[in-house]
Amino acid sequence: ELEKYVGEPTSDLTVRTTFEPALQFSAQQALTGALDAAGAEAKVEQGAVVVMTPNGQVRAMVGGRDYQHSEFNRAVRALRQPGSAFKLFVYLAGFQAGYDP
């Protein structure tokens, strides 16, 4: 993929990302902690965390509990049902029409 972006490298390259190592560590710990605390009772073994800024920069991403146990990256590969994502638009339309919660 590199050659598509920069051609054939002729010297060392510096790659800058928006990831924050401390936040990445915290996200991993938060997912593991949540799964350890309530995962068994909820019958949930895996999860994912994506932390983004309002302008779309990805600061941290965790695709599962343990890569050794499951190589499937839930943060980027899992298909999601729309679920609560559309509620924002439904509530907004209601508020604009004069309804309250």
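What follows is a walk through the fold, the surface and a handful of individual residues of this chain.

The model is a predicted one. Its secondary structure amounts to four helices and two strands, and read from the N terminus the order is α-α-β-β-α-α. The chain isn't balled up: its radius of gyration is 19 Å, whereas the globule rule gives 13 Å for 101 residues, so the chain is more spread out than a compact globule. Measured out along the principal axes, the C-alpha trace spans about 60 × 40 × 25 Å.

Burial and surface come next. Of the 101 residues, 17% are buried. The accessible surface of the chain is about 8,600 Å², and carbon and sulfur atoms hold 56% of that. As for charge, there are 9 positive and 11 negative side chains, with the centres of the two sets 6 Å apart. Turning to contacts, if one takes those with a separation of 6 or more, 42% of them join residues 24 or more positions apart.

Starting with the N-terminal part, F19 sits in the loop that links helix 1 (2-6) to helix 2. With a relative accessibility of 38%, F19 falls in the partly exposed class, which runs from 20% to 50%. Leaving aside residues up to four places away in sequence, F19 touches Q24, V58, R59, A60 and M61. Strand 2 covers residues 58-62, so to speak the stretch from which V58, R59, A60 and M61 reach F19. P82 is another matter: 63 residues separate F19 and P82 along the chain, and their C-alpha atoms are 26 Å apart.

Helix 2 itself takes in residues 21-42, A30 among them. A30 is partly exposed as well, at 48% relative accessible area. Between the C-alpha atoms of A30 and V58 there are 17 Å, for a sequence separation of 28 residues. V58 thus turns up twice here, as one of the residues that F19 touches and as the far end of this A30 pair.

Beyond helix 2, K43 belongs to the loop leading to strand 1 (49-52). Its backbone is worth a look: phi of K43 is near 60°, a positive value in a residue that isn't glycine. K43 is exposed, with a relative accessibility of 76%, where anything over 50% qualifies.

The loop between strand 1 and strand 2 (58-62) houses G56. G56 is partly exposed, its relative accessibility being 37%. G56 and D66 are ten residues apart along the chain, and 26 Å separate their C-alpha atoms.

At the other end of the chain, helix 4 (residues 87-96) carries both Y91 and F95, which are four residues apart, or about one turn of the helix. The structure holds one aromatic pair. Y91 and F95 form it, with ring centres 6.0 Å apart and planes at 50°, so the pair counts as tilted; the tilted class lies between the 30 degrees below which planes are stacked and the 60 above which they are edge-to-face. Neither partner is buried: Y91 is partly exposed at 46% relative accessible area, and F95 is partly exposed at 44%.

Definitions and conventions: Residues are numbered from 1 along each chain as its sequence is written. This is a predicted model: local features need pLDDT of at least 70, side-chain atom pairs count only at pLDDT 80 or more; totals for chains, interfaces and linings use all residues. Side-chain values use heavy atoms; hydrogens and water are left out. The radius of gyration is taken over C-alpha atoms; the globule rule is 2.2 Å times the number of residues to the power 0.38. Buried means under 20% relative accessible area, exposed over 50%, partly exposed in between (1.4 Å probe, protein chains only). Contact means heavy atoms within 4.5 Å. Accessible areas come from the Shrake-Rupley method with a 1.4 Å probe; for residues, only the protein chains shown count as cover. Lys and Arg count as positive and Asp and Glu as negative; His and the chain ends are not counted. The place of a charge is taken as NZ of Lys, CZ of Arg, CG of Asp or CD of Glu. Rings of Phe, Tyr and Trp (its six-membered ring) pair if their centres lie within 6.5 Å; planes under 30 degrees apart count as stacked, over 60 as edge-to-face and the rest as tilted.
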